[in-house]
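Here are some reading notes for someone opening this model for the first time. They go from the chain as a whole to single residues.

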Amino acid sequence: MSDWQGLDEFVAVANAGSFSGGARVLGTSATRMSRVIALLELRLQAQLFDRTTRTVVLTDTGQALLDPCKRVLQERDDVLASVNQQGEPQGELRVTCSAAMGERFVAPILQRYAMRYPKLGITIELTNRIVDLVAEGYDLAIRTGEMPDSSLIRVRVASRDLVTCASPAYLDRADEVKVIDDLVHHECLIGTSQIWRFRDGERDVAFKPRGRWRCNSGGAVLQAALDNMGICQLPEFYVSSSVSDGRLVSVLGDCKPKQEAIWAVYPHRRHLLPKIRGAISILKLDLGNAIARAGADKLRPAYWASEALEALDGVKGR
């Protein structure tokens with residue numbers, strides 16, 4: 001018996017919660033599933049499931065093995081898929097992205113990507129922490145701003161504007177903000193980024209804000225600015241409607257930084273799989289447009305332009 005035999009059956013039963021459910025997934029019988037897993041347990045000298053007449057529950061050993069086995073099987077499927085580079089996107093695509101950008105922009109785009117390809121499954125983890133793609137088994141991350149040198153590959157898929165602003169009531173009671181250094185005398189509302197970016201003539205300037213309000217949610221920082229607590233620097237899509245209706249006022253407009261890059265980041269692979277290549281292509285086609293629409297105070301889910309849909313068929317042959 002191969003050392004690999006039984007892993008597909010083990011994962012199928014664990015996912016389905018029963019031998020019969022796992023058998024339906026693999027197109028075989030519950031009797032065969034039970035026999036194969038029993039042989040796997042014998043080889044491992046460990047019980048993977050607690051079985052009753054009604055339920056099948058993972059043991060502690062089975063629970064510990066489940067995620068590593070899923071990764072092994074996904075790697076196997078990816079290797080086989082890479083043999084045929086002209087194939088359509090398929091398999092499981094795991095993506096991580098910051099919460100706000102992911103919910104508003106990336107998730108709607110990738111949802112339509114999944115709808116286009118029925119053999120493709122997508123899992124999106126929305127988190128503001130920096131995920132270790134290799135250690136945690138992710139295929140792709142969407143990240144913003146400066147990217148340190150690393151073994152990861154990055155592709156610029158879009159850009160976004162940053163706006164520094166505060167409420168009129170706060171500015172009425174505070175010192176004037178004429179130059180970047182004036183910010184040291186102000187309450188700064190600090191979000192995910194610990195450094196604010198500016199442009200002074202031909203020179204890029206990094207400013208480290210200080211203040212008594214910090215939160216890794218852009219929405220919470222925006223609300224603090226609207227409640228007259230201080231000055232914030234946020235992506236334009238957060239503040240555009242508040243600036244346009246006068247609830248917030250842009251400051252240091254002459255020092256507006258260059259657009260912040262948005263990157264698709266993935267681990268180095270000799271063969272870039274169709275599922276990853278296709279996701280990057282679609283994000284390049286539509287993410288920038290979606291953010292621009294939101295910056296124009298059209299805060300609605302990001303749907304593809306018709307040319308983006310048509311371009312999907314071209315992804316397979318690249």
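1. Overall make-up. The protein chain has eleven helices and 14 strands. The model is a predicted one. Of the 318 residues in the protein chain, 43% are buried. Contacts often link distant parts of the sequence: among those between residues at least 6 apart, 71% join residues at least 24 apart.

2. The main core. In soluble globular proteins, nonpolar side chains tend to be buried together. Here the largest nonpolar core has 41 residues, and the members that touch the most others are Leu140, Ile142 and Leu287. Helix 10 (residues 274-295) gives the largest share of this core, with nine residues. A second, separate core holds 17 residues, among them Ile37, Phe49, Val56 and Cys69.

3. Ile142. What does Ile142 touch, leaving aside residues up to four places away in sequence? One group of its contacts is Val95, Thr96, Cys97, Ser98, Met101 and Val106, and another is Ile262, Trp263, Ala264 and Leu283. Two of these residues, Met101 and Val106, are buried residues of helix 5.

4. Helix 5. This helix covers residues 99-116 and has 18 residues, which at 1.5 Å a residue should span 26 Å; the C-alpha atoms at its ends are 24 Å apart, so the two values agree. Helix 5 nevertheless has a kink of about 45° at Val106, shortly before the proline Pro108. Both Val106 and Pro108 are buried, as are Met101, Gly102, Phe105, Ile109, Leu110 and Tyr113.

5. Helix 2. In helix 2 (residues 19-26), the buried residues are Phe19, Gly21, Gly22 and Ala23. These pack against two helices, helix 1 (7-16) and helix 3 (30-44), and against two strands, strand 1 (49-51) and strand 2 (56-58). After helix 2 comes Gly27, with a positive phi near 70°.

6. A five-stranded sheet. Five strands form an open sheet in the order 11-8-12-7-13, and the pairing is mixed. Strand 11 (213-214) and strand 13 (249-250) are at the edges; each has a single partner strand, so one side of each has no neighbour in the sheet. Strands of a sheet pair through backbone hydrogen bonds, either parallel or antiparallel.

7. Strand 7 within that sheet. Strand 7 (residues 162-166) runs antiparallel to strand 13, and two bridges join them. Ala166 is opposite Val249 of strand 13, and Cys165 has Ser250 of strand 13 as its bridge partner. Strand 7 is also antiparallel to strand 12, with four bridges between them; here Val163 is paired with Leu234. Is strand 7 mostly covered or uncovered? It is mostly covered, since five of its five residues are buried. Leu162, Thr164 and Ala166 lie on one side, and Val163 and Cys165 on the other.

8. Helices across the sheet. Helix 8 (residues 218-226) lies across strand 8 (188-190), strand 11 and strand 12 (231-235), and runs at about 145° to strand 12. Helix 9 lies across strand 7 and strand 12, at about 120° to strand 12.

9. Ser242. This serine is in helix 9 (residues 236-244). Is Ser242 buried or exposed? Its relative accessibility is 2%, so Ser242 counts as buried. Leaving out residues up to four places away in sequence, Ser242 touches Leu222, Leu226, Arg247 and Leu248. Leu222 and Leu226 fall within the residue range of helix 8.

10. Two residues with positive phi. Most residues other than glycine have a negative phi, and most peptide bonds are trans. Gln45 is an exception in phi, with a positive value near 55° in a residue that is not glycine. Gln45 lies in the loop between helix 3 and strand 1 and is exposed, with a relative accessible area of 66%. Leu252 likewise has a positive phi near 55° and is not glycine. The loop that holds Leu252 runs between strand 13 and strand 14 (260-267). With a relative accessible area of 10%, Leu252 is buried, whereas Gln45 is exposed.

Definitions and conventions: Residues numbered from 1 in each chain as written. Predicted model: local features only at pLDDT ≥ 70, side-chain atom pairs only at ≥ 80, totals over all residues. Heavy atoms only, no water. Buried < 20%, exposed > 50% of the residue type's maximum accessible area, 1.4 Å probe, protein only. Contact = heavy atoms within 4.5 Å. Core = buried A, V, L, I, M, F, W, Y, C linked by side-chain atoms within 4.5 Å. Expected span 1.5 Å × (residues − 1). Bend = angle between axes of the 7 residues up to and from the residue. Pairing = 2+ DSSP bridges. Axes fitted to C-alpha atoms, helices over the stretch in contact; angles between N-to-C directions.
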